[in-house]
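Thanks for coming. I will go through one structure today, beginning with its charged side chains and ending with its ligands.

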Amino acid sequence: MAGQRYVRYILFAVLVSLRGWSVSYFTDIEATQCITVIFFVSSSSSNGLKNAGVDAVAGWKGEHANSGSGSGTTSQSKGDAAKRPEAEKPLEISISPSTPPAASAATSKPAPKQSDDLIKAPGTTPNSQNALAPPKAAGPRMNATFVTLARNGDLWEIVKSIRAVEDRFNHKYNYDWVFLNDKPFDDDFKKVTSALVSGKTKYGLIGEEHWSFPEWIDQDKAAETRRDMGERKIIYGDSISYRHMCRFESGFFFRQPLMLDYEWYWRVEPSIELYCDINYDPFKFMADNKKIYSFVISLFEYSETIPTLWNSVKKFMKAHPEHIAEDNSMAWLSDNGGKDYNRCHFWSNFEVGNLNWLRSPAYIDFFDSLDRDGGFFYERWGDAPVHSIAAGLLLQKDQIHFFNDIAYYHVPFTHCPLEEKVRLDNKCHCDPNQNFDWNGYSCKILNAPLSARLTSVRHQEVLRLPRHAKAQRMGAASVMGEADTL
Ligand SMILES: Nc1nc2c(ncn2[C@@H]2O[C@H](COP(=O)(O)OP(=O)(O)O)[C@@H](O)[C@H]2O)c(=O)[nH]1
Ligand SMILES: [Mg+2]
């Protein structure tokens, strides 16, 4: 180390004195370049002496060649070059006195002109406009928005979902995104999310009346439920905020002032994944095909969270027969003509739906009736069975759509299209073996094509279930129609 330092001092001293008397042999710039090169060589560790020096020069040269503005500095260039993998390094490593480094260009000399070679380089040839796809999707947009309920602490998980939605769909459509929170969103959340969304972003603070216990709730009874469900280790059983969340998603998100501007919504939760390109507009598809509600995954609800939900539903049906659709999906919700609920529901962390339906008297009467019965707090009713039962009873069967081609993940389940052509055409990156439709816990198992059902290990497991359980599963699924409907 001491020897190296000694050599470095000598070289430096010699060059400084050389610069003093060498006017006739070196220009100022040439001397400065030499000093710079020697400094890099001599200040590098003994292992990398030679390479570091060459890299420094190469990087300096490359940076300069690319930088018409002269804004780079030699020290930045060196750092970049040292990090750059071998294949990306500029090929040229000699120093040309006619191309001063950027730092020196800050003196009186004008920036050099681009050489003819550079202008003729293939990368600079203008693209023919005719050969390019249009930059944005053509056609009309629907009056629609994405909507996300989130906490500030969800930022780094919701950004993953936003990237997925933007990359797979919205970069071509630029729909807005409404974020809702029971606390004010902080600047960081707003800054990062609005940088990622291609449409407008809006941030709403939920009023206390939509995120609190209604006055008819008996607090002692609600607290006792939480204690008991916590003890029984029921998922989110002891949580107050989860209950407010479920009630809000069931009855209030579509009535927030920011949502009143829109007719269609697409719900997005943190940490989801989209596995295929969506090369059409699902909002427009819904409108054109007279659909009102949609899903990608359906499954069985935990019975411990909804012991009396179906009783409440039956009470509502009796009180409001005028709201029950004629061609409804009761056969999908119940295996015994409406006596019991089979617990099938659409997984509501993904939804594309019509807000006017949720704001209609039919849905509002349904929600108010359930809310009065108190099961959001005395049990732990989820917004998924609430939305699903409403869709199943208040809508006609053909107003509910299954988006088979929207490949989706929310922990722990995946929907991945079974048809290879769909996956290849839409650049999907999901494993069809992970498709939840084949799982015995899915309410959609009979929607899978026969070939997939016969070869699916998971389906074989269902087939081996005890007769009664199998009948229940098959009964639940047997009302499902073609692959794109219930
Ligand atoms: N603002 C707010 N959002 C919440 C709260 N709890 C849950 N959420 C949001 O509600 C949605 C559902 O919550 P999540 O934790 O994903 O529940 P899970 O999918 O059922 O496990 C997500 O979009 C969460 O970000 C809360 O206390 N406040
Ligand atoms: Mg979630």
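**Salt bridges and ligand contacts**

Searching the whole structure turns up 21 salt bridges. Keep in mind that this is a predicted model, and that every distance I quote is computed from it. The general idea is simple: side chains of opposite charge can pair when their charged atoms come close.

I will start with K202 and D176. Their side chains form a salt bridge, at 4.0 Å from N to O. K202 sits in strand β3, residues 201–205, and D176 in strand β2, residues 176–181, so this pair ties together parts that are 26 residues apart in sequence. Are these two residues buried or exposed? The cut-off for buried is under 20% relative accessible area. K202 has 18% relative accessibility, so K202 counts as buried. D176 has 12%, so D176 counts as buried too. The pair also belongs to something wider: D176, K200, K202 and D261 are linked in a network of salt bridges.

Now the strands that carry this pair. β2 and β3 run parallel and are joined by five bridges. Which residue in β3 is the bridge partner of F179? That partner is Y203. If you look at β3 by faces, K202 and G204 make up the covered face, while T201, Y203 and L205 are on the uncovered one. Between the two strands there is a helix to look at: β2, helix α8 (residues 187–196) and β3 together make a right-handed β-α-β unit.

Two other salt bridges are worth a look. In one of them, K183 pairs with D182, and the closest N and O atoms are 3.5 Å apart. K183 is exposed, with a relative accessible area of 51%, whereas D182 counts as partly exposed at 24% relative accessibility. Please remember D182, as I will come back to that residue with ligand 1.

In the other, R227 pairs with E224, with 2.8 Å between the closest N and O atoms. Both R227 and E224 are in helix α9, residues 219–231, and they are three residues apart, which is about one turn of the helix. R227 is partly exposed, with a relative accessible area of 42%, and E224 also counts as partly exposed, at 39% relative accessibility.

Next, ligand 1. There are 14 residues around this ligand, and which of them come nearest? They are L149, D154, D182, Y236 and Y242. So D182 appears here as well as in the salt bridge with K183. As for polar atoms, a side-chain atom of D154 lies 2.9 Å from an oxygen atom of ligand 1. For Y242, a polar side-chain atom lies 2.5 Å from an oxygen atom of the ligand. N181 has an N or O atom in its side chain that is 2.9 Å from a nitrogen atom of ligand 1.

Last, the magnesium ion, which is ligand 2. Which protein donors does the magnesium ion have? They are E269, through OE, and H410, through NE2, lying 1.9 to 2.2 Å from the ion. E269 is in the loop between β4 (264–267) and β5 (273–274), and H410 is in strand β11 (residues 408–410), so the pair ties together parts that are 141 residues apart in sequence. Both of these residues are buried.

That is what I have for today.

Methods:
Residues numbered from 1 in each chain as written. Chains lettered and ligands numbered in written order. Predicted model: local features only at pLDDT ≥ 70, side-chain atom pairs only at ≥ 80, totals over all residues. Heavy atoms only, no water. Donors = N, O, S within 2.8 Å, 3.2 Å for Na, K, Ca; no water. Helix = DSSP H or I, 4+ residues; strand = E, 2+ residues; numbered from the N terminus. Buried < 20%, exposed > 50% of the residue type's maximum accessible area, 1.4 Å probe, protein only. Pairing = 2+ DSSP bridges. Right-handed = clockwise from strand over helix to strand, strands pointing away. Near = heavy atom within 4 Å. Polar contact = N/O pair within 3.5 Å; in protein donor to acceptor, adjacent residues only side chain to side chain.
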